[in-house]
Amino acid sequence: MEPVVSPAEIPTAEVRDLPADVALLDVREDDEWAAGHAPAAVHIPLGELPARVNELSEFPEDNPVYVICRSGGRSARAAAWLNASGWDAVNVAGGMGAWAREGRRMVSENPDSEPEVL
């Protein structure tokens with residue numbers, strides 16, 4: 001999945017500007033997700049997105065899908081692909097690293113460890 005637009009054309013939002021009820025798609029790999037993620041995020045690894053895009057139908061239709069990864073590269077590619085496929089997608093600048101720096105809540109799939117960004 002290659003970007004179909006230049007990075008400057010991809011809608012982008014800072015973590016601090018995300019709405020409280022954000023529809024968040026995490027496109028990181030399974031181990032990254034398990035280590036720590038936003039509580040209400042939906043997880044679809046970038047490589048699986050084309051085959052699983054129908055899972056996004058659970059998001060409200062009139063709100064954009066905010067896409068996040070570790071630092072913003074994979075999520076930019078995913079947002080570009082989603083926008084080219086008819087979705088309203090926004091890349092989250094700085095990814096989960098920025099999410100953690102902003103002090104946003106994270107959860108881990110391992111109940112014995114604190115959530116972290118891999």
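Helices here are DSSP runs of H or I with at least four residues, and strands are E runs with at least two, numbered from the N terminus.

**View 1. The whole fold of this predicted model.** Let's start with the overall picture: 4 helices and 5 strands make up the protein. Going along the sequence, they come in the order β-β-α-β-α-β-α-β-α. The radius of gyration is 13 Å, close to the 13 Å that the globule rule gives for 118 residues, so the protein is as compact as a globular protein of that length. Along the principal axes, the C-alpha atoms fill a box of roughly 40 × 30 × 25 Å.

**View 2. Strand β4 and its two covered faces.** Here we zoom in on residues 65-68, which form β4. In a regular strand, side chains alternate between the two faces of the sheet. On one side of β4 sit Val65 and Val67, on the other Tyr66 and Ile68, and all of these are buried.

**View 3. The neighbours of β4.** Strand β2 (residues 23-26) pairs with β4 in the parallel sense over 4 bridges, and Ala23 stands opposite Val65. Strand β5 (residues 89-93) also runs parallel to β4, joined to it by 3 bridges. In that pairing, Val65 stands opposite Ala89.

**View 4. Inside and surface.** Of the 118 residues, 45% are buried. Among contacts with a separation of 6 or more, 66% link residues 24 or more positions apart. Turning to the outside, the protein exposes about 6200 Å², with carbon and sulfur atoms supplying 47% of this area. As for charge, there are 9 positive and 21 negative side chains, and the centres of the two sets lie 6 Å apart.

Conventions. Residues are numbered from 1 along each chain as its sequence is written. This is a predicted model: local features need pLDDT of at least 70, side-chain atom pairs count only at pLDDT 80 or more; totals for chains, interfaces and linings use all residues. Side-chain values use heavy atoms; hydrogens and water are left out. The radius of gyration is taken over C-alpha atoms; the globule rule is 2.2 Å times the number of residues to the power 0.38. Buried means under 20% relative accessible area, exposed over 50%, partly exposed in between (1.4 Å probe, protein chains only). Contact means heavy atoms within 4.5 Å. Accessible areas come from the Shrake-Rupley method with a 1.4 Å probe; for residues, only the protein chains shown count as cover. Lys and Arg count as positive and Asp and Glu as negative; His and the chain ends are not counted. The place of a charge is taken as NZ of Lys, CZ of Arg, CG of Asp or CD of Glu. Two strands pair if DSSP finds at least two bridges between them.
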